[in-house]
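I opened this notebook to keep a record of what I looked up, place by place, in one structure. The entries follow the order in which I went through them.

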Amino acid sequence: MNAFARELLRWYDHHGRKELPWQHPRSAYRVWLSEIMLQQTQVVTVLDYFQRFVERLPTLRDLADADEDTVLALWSGLGYYRRARFLHHAARLCVERHGGDLPRDLDALMALPGIGRSTAGAILAQAHGLRFPILDGNVKRVLTRYHGIEGFPGESAIEKRLWRHADEHTPDERTADYTQAIMDLGATVCVRSKPACLLCPHAATCVAHRDGLTTVLPTVKPGKKIPTRAVAMLLMRDGRGRVLLEKRGTQGVWSGLWSLPEAVDADAAPAVATTFARVHTAEPLPAFTHVFSHYRLDVSPLLFDHAAPLAAVADRADRRWCDREDIASLGLPAPVRTLLDHLPEIAP
Ligand code: SF4
């Protein structure tokens, strides 16, 4: 075991997180689920989602047997829904190909949707104690600083160097603890802004700390401005308080989720609304912006209260008038759920 791993494990024994729900028990299914939830999301946010998910779907087979709406409803609010769809699809492939378990093999794991090399390594190291390195965002940050590596970590040459370092530091013993330890260090000490170097077990040997480079490493992605799109969302509510929802198709950021009908802008909204119901004048609700990783969406919500559903437009598998209970059981994008949670009472 090299000095980096030794110091890190000594730190972990005193300060690491040992009571996370996926550590007890540390099964491959639970480690996998936590790893997928933790991509792009902080531990504090994941805790409740994880508990709810494993209470409802305690095993990989339960996940494979669940329908997509159930999985997306459990994921609703965590964002990046592609993760949930991949998880679901991968569980079904494990039943088909691997007897209902996650394989204990790096290549077979990486052949499953949504599992990259780092996630596969984390599953093998944490669930089975096998010696495989990981390189998630937190680990990249620790290693670029520790070794003083300049250049955007997403570039392939830089990433290769980081994998080499990740591999050389991963010990043969206590691999599961080491894996948790380096993730914890990145999440709690070597944080993005203002790392707590004085509390870090590597302060004496870290290049970024020694050379005053902690604010410039890791190197940020070369600037790219994200585009903005605008849309009007139609909240059609009938006299019984039911709202018209549509299930999105298989493409796009909210694919498979239930959302509101849309129009290109507020002027076009009444024409869209009248294809589903007889409506009165719409009341504009406060506009908001939702930021995705690759674009910003400016949303203008319009409330059409006392809409009278057209008899000729029947409920279908992908479009229906939903009451509160129905809405609670469906997977909705977080901003749409927030909108529906804050609707004004129906005017008499
Ligand atoms: S000394 Fe500071 S910059 Fe270096 S690894 Fe520790 S927390 Fe990160």
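These entries cover an annotated span, two helices and their surroundings, one helix pair and one proline.

Entry 1, the annotated span. I note at the outset that the model is predicted. I looked up the UniProt record, an unreviewed entry, and found that its annotation "domain: HhH-GPD" covers residues 37-188. For residues 37-188 I then read a secondary-structure content of 68% helix and 0% strand, with the end C-alpha atoms lying 18 Å apart.

Entry 2, helix α2. I asked how many of the residues of α2 are buried. The count is 10 of 11, so that I can call the helix mostly covered, and the buried residues are A28, Y29, R30, V31, W32, L33, S34, E35, I36 and M37. When I looked for what covers these buried residues, I found that the list includes α3, α4, α5, α6, α8 and α11. Just after α2, I noted that Q40 takes a positive phi of about 70 degrees.

Entry 3, helix α5. In α5, which runs over residues 68-75, I listed T70, V71, L72, L74 and W75 as buried. These buried residues pack against α2 (28-38), α3 (43-56), α4 (60-65) and α6 (82-98). I also looked just past the end of α5, where G77 takes a positive phi of about 105 degrees.

Entry 4, the pair α8 and α11. I looked up how helix α8 (residues 117-128) meets helix α11 (residues 175-188), and found that their axes come within 7 Å and cross at roughly 130 degrees. Because of that angle, α8 counts as oblique to α11. The crossing in which α8 passes α11 is left-handed. On the α8 side the contact is made by A122, A125 and Q126, and on the α11 side by T175, A176, T179, Q180 and M183. Sorted by class, this contact has 4 nonpolar and 4 polar residues, and no charged residues.

Entry 5, P333. I asked whether P333, in the loop between α14 (324-328) and α15 (334-341), is buried or exposed. P333 counts as buried because its relative accessibility is 0%, where the cut-off for buried is under 20%. Leaving aside neighbours within four places in sequence, I found P333 in contact with Y81, W254, L257, W258 and S259. I then compared P333 with W75, and the two are 258 residues apart in sequence but 9.5 Å apart in space, C-alpha to C-alpha. W75 is itself one of the buried residues of α5, which takes me back to Entry 3.

Methods:
Residues numbered from 1 in each chain as written. Predicted model: local features only at pLDDT ≥ 70, side-chain atom pairs only at ≥ 80, totals over all residues. Heavy atoms only, no water. Axes fitted to C-alpha atoms, helices over the stretch in contact; angles between N-to-C directions. Parallel < 35°, antiparallel > 145°, perpendicular 65-115°, else oblique. Left-handed = near helix turned anticlockwise from the far one by under 90°. Contact = heavy atoms within 4.5 Å. Nonpolar A, V, L, I, M, F, W, Y, C, P; charged D, E, K, R; others polar. Buried < 20%, exposed > 50% of the residue type's maximum accessible area, 1.4 Å probe, protein only. UniProt positions renumbered as here; feature names shortened; annotations may be inferred.
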